[in-house]
Amino acid sequence: MTLKIKKGTSKHSAYDLRNPNSSVSERHTLAVIVDNEAGVLARVIGLFSGRGYNIESLTVAEIDHTGHTSRITIVTTGTPAVIVQIKAQLGRIVPVHEVHDLTVEGPSVERELALFKVSGQGEKRVEALRLADVFRSRVVDSTLETFTFELTGSPQKIDAFADLMRPLGLKELARTGVAALSRG
């Protein structure tokens, strides 16, 4: 009889089948709860830049006005050993209260907001509106030459919409970065 154990790990599993010596880069979403004070973000970012780690997405917002705490959501890539090192080093920064790796703690929800400015005339303009409707995007600004669309969804959904809008006249794109929470 063969055991059917999912590859990976979660906080609910005693099995961590990831090879810590693997050279394969993995994408991880980290949620870091910190004191909301001057210089904390610079210290966190300095940890990444000083060691040559890349940040793919970064969002920061205060989550508790009375407790003066903020949540920093960081999307980064690295080998399993590098991710373990990043989490350990983040945990040693004094104003850091908690470090959560949402990727390994179980299912999570990731969303991103993006604004797209698309210019076009005639059939391209109609096609852009049709695709926006398919993606459940909203028109937040319109002129005779351009539309500005607002789209919320997973980073993959944002990427797919951008890829479809490029040939139709995508002129500008602004993204907020990933906001993520664990499920349940």
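**Asking about a cavity and a buried threonine**

In this predicted model, β5 (108-119) and α3 (123-134) each supply at least two residues of the lining of the largest cavity.

Me: Which element gives the most to that lining?
Reply: That's α3, with three residues. The full lining is V118, S119, G120, K124, R125, A128, F147 and L168.

Me: What makes a space count as a cavity here?
Reply: A 1.4 Å probe has to fit inside but be unable to get out. Rolling a probe the size of a water molecule over the atoms shows where empty space is left. Searching the whole structure for cavities of 30 Å³ or more turns up one, and the largest cavity has a volume of about 30 Å³.

Me: How do the lining residues divide into nonpolar, polar and charged?
Reply: Four are nonpolar, two are polar and two are charged. Lys and Arg count as charged, so K124 and R125 go in that group.

Me: Okay, on to T69. Why is T69 called buried?
Reply: Buried means under 20% relative accessible area. T69 has 13%, so T69 is buried. You'll find T69 in strand β3 (residues 69-78).

Me: Which residues does T69 touch?
Reply: Leaving out residues up to four places away in sequence, T69 touches I33, V34, D35, N36, E62, I63, D64 and H97. Touching here means heavy atoms within 4.5 Å.

Me: How much of the whole protein counts as buried?
Reply: Of its 184 residues, 36% do. The protein as a whole has four helices and nine strands.

Key
Residues are numbered from 1 along each chain as its sequence is written. This is a predicted model: local features need pLDDT of at least 70, side-chain atom pairs count only at pLDDT 80 or more; totals for chains, interfaces and linings use all residues. Side-chain values use heavy atoms; hydrogens and water are left out. Buried means under 20% relative accessible area, exposed over 50%, partly exposed in between (1.4 Å probe, protein chains only). On a 1 Å grid over the protein atoms alone, a cavity is a set of points where a 1.4 Å probe fits but cannot get out, and a pocket is an open set with protein on both sides within 12 Å along at least five of seven lines; lining residues have an atom within 4 Å of a point. Grid points are joined across faces, edges and corners, and a volume is the space filled by probe spheres set on the points.
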